[in-house]
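These notebook entries record what I looked up in a single protein model. I proceeded by topic and wrote each entry as I went.

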Amino acid sequence: MIENLSYYHIFYEVAATQNLSKAAQNLYISQPAVTKAIQKLEENLNLTLFTRTSRGVHLTPEGTVLYKHVASAFSSLIKGEQEIQSMRSLQSGQIRIGVSTTLCKYILLPYLQEFIRTFPQIKVSIFCQSSNETLKLLENNQIDFGLVGEPIHKKNLVFSPIQTIQDTFVCNQKYHTLISPINPEQPFFQNCTLLMLDKNNLSRQYIDNYFLEHQIIPSCLLEISTMDLLIELAKIGVGVACVIKEFIQNELETGQLLELPLNIPIHTRKIGYTYLKSSYLSLAAKQFLTLAGQRTPKTE
């Protein structure tokens, strides 16, 4: 049984130097203290670890066996300290990020590109799931933080917004002509195939709440798994897609898609990084969030 680890530290130094005085010097203690510690360790183990000669000390066969294991243990400790120092200087480490495919493509990648360029030794793991699944991974401590739309319930979460987004409805020119109502007061929801994300998506839930609040019942609904596919289907005239305006600026500017006006506008919402209040963030994770905060655009 190990009663005093300091004895093993002294034993290790004496065995490495084969000299009591030099070991004492390296350990910044007196030689009598070194001698006493070795004697105490030998008493505890009930065997002799060193033979003493006028030229120094030498390990006995039993001492050689013990030194082999002690040296291995101290080597592991030294390696551990080196790895920790490497993590402190961000020369190593890992971050685990949960994010939807859409937010990964349109928001995360620029932040990620800058971080990897600055800290290439940090391992980055991306878990592409819906925002709801990302929050579940967070609760189970399977990721360090997530990039999500602002959660409705965030009692146990820290949420740091980085961007404001606007949900909108779009279609191509041909489909726009097709659904233009004779009665301008008639909402386009009654004349179109509405393309939306599935119900597990936070964006879909946000729009469902908008529909419920304003008593809107779409006539024909088609659920799609990703926003990229929603955009492509709208571009070829399959229907009216509910998408995020900031992600289709090019299509709007080139006329590939037209934005449909709403009598009652949809409130903007926020995208940001979130993590558990109770979680411990690694130095690498903190650095990523710091860089993200520095690049955060000002929002109202």
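**Entry 1: Lysine 136 and other single positions**

I began with Lys-136, which counts as partly exposed at 47% relative accessibility. The model is a predicted one, and I read every entry below with that in mind. Lys-136 belongs to helix 6. I then looked up its separation from Gly-98: the two are 38 residues apart along the chain, and their C-alpha atoms are separated by 9.8 Å.

I next turned to Lys-286, which is found in helix 11, residues 283-294. Its relative accessible area is 41%, so I noted Lys-286 as partly exposed. From Lys-286 to Phe-145 the C-alpha to C-alpha separation is 10.0 Å in space, against 141 residues in sequence.

I also looked up Ser-92, in the loop between helix 4 (61-88) and strand 3 (94-99). Ser-92 counts as partly exposed, at 22% relative accessibility; the cut-off for buried is under 20%. Ser-92 and Val-124 lie 32 residues apart in sequence and 11 Å apart in space, taken C-alpha to C-alpha.

**Entry 2: Helix 2 against helix 3**

I described this packing by two values, as two packed helices are described by the angle between their axes and the distance between the axes. Helix 2 (residues 20-27) packs with helix 3 (residues 31-45) at an angle of about 105°, and their axes are 8 Å apart. That angle makes helix 2 roughly perpendicular to helix 3, since 65 to 115 degrees is the range for that term.

I then asked which residues in helix 2 meet which in helix 3. On the helix 2 side I found Leu-20, Ser-21 and Ala-24, and on the helix 3 side Gln-31, Val-34 and Thr-35. The residues of this contact divide into three nonpolar, three polar and no charged.

**Entry 3: The nonpolar cores**

I looked up the largest nonpolar core, which has 42 residues. Which of its residues touch the most other members? I recorded Leu-108, Leu-147, Tyr-273 and Phe-288. Helix 5 (residues 101-118) supplies the largest share of this core, seven residues.

I followed Tyr-273 further and listed its contacts, leaving out residues up to four places away in sequence. Among them are Leu-108, Tyr-111, Phe-145, Leu-147, Val-158, Phe-159, Ile-162, Phe-288 and Ala-292. Gly-146 and Ser-160 are also touched by Tyr-273.

Apart from the largest core I found another, of 21 residues, including Tyr-7, Ala-24, Phe-50 and Val-57. I noted that Ala-24 had already appeared in the contact of helix 2 with helix 3.

**Entry 4: Aromatic pairs**

I searched the whole structure for aromatic pairs and found 13. In Tyr-106 and Phe-247 the ring centres are 4.5 Å apart and the planes are at 5°, so I recorded the pair as stacked. Tyr-106 lies in helix 5, whereas Phe-247 lies in the loop between strand 10 (240-244) and helix 10 (249-254); the pair therefore ties together parts that are 141 residues apart in sequence. Are these two rings buried or exposed? Tyr-106 counts as partly exposed at 25% relative accessibility, and Phe-247 is buried with a relative accessible area of 6%.

I looked up the pair of Phe-169 and Phe-211 next. Their ring centres are 6.3 Å apart and their planes are at 15°, so this pair is stacked. Phe-169 lies in strand 7 (residues 167-171) and Phe-211 in helix 8 (residues 202-213), so the pair ties together parts that are 42 residues apart in sequence. Phe-169 counts as buried, at 0% relative accessibility, and Phe-211 is buried with a relative accessible area of 5%.

I also traced a cluster in which ring pairs link Tyr-111, Phe-115, Phe-119, Phe-145, Tyr-273 and Phe-288.

**Entry 5: Positive phi values**

I checked the backbone with one expectation in mind: most residues other than glycine have a negative phi. Asn-46 has a phi near 60°, a positive value in a residue other than glycine. Asn-46 lies in the loop between helix 3 and strand 1 (50-53), and at 71% relative accessibility it counts as exposed.

I recorded Asn-141 as well, whose phi is near 55°, again a positive value in a residue other than glycine. Asn-141 lies in the loop between helix 6 (131-139) and strand 5 (145-149).

Notes
Residues numbered from 1 in each chain as written. Predicted model: local features only at pLDDT ≥ 70, side-chain atom pairs only at ≥ 80, totals over all residues. Heavy atoms only, no water. Axes fitted to C-alpha atoms, helices over the stretch in contact; angles between N-to-C directions. Helix = DSSP H or I, 4+ residues; strand = E, 2+ residues; numbered from the N terminus. Parallel < 35°, antiparallel > 145°, perpendicular 65-115°, else oblique. Contact = heavy atoms within 4.5 Å. Nonpolar A, V, L, I, M, F, W, Y, C, P; charged D, E, K, R; others polar. Core = buried A, V, L, I, M, F, W, Y, C linked by side-chain atoms within 4.5 Å. Buried < 20%, exposed > 50% of the residue type's maximum accessible area, 1.4 Å probe, protein only. Phe/Tyr/Trp six-rings, centres within 6.5 Å; stacked < 30°, edge-to-face > 60°.
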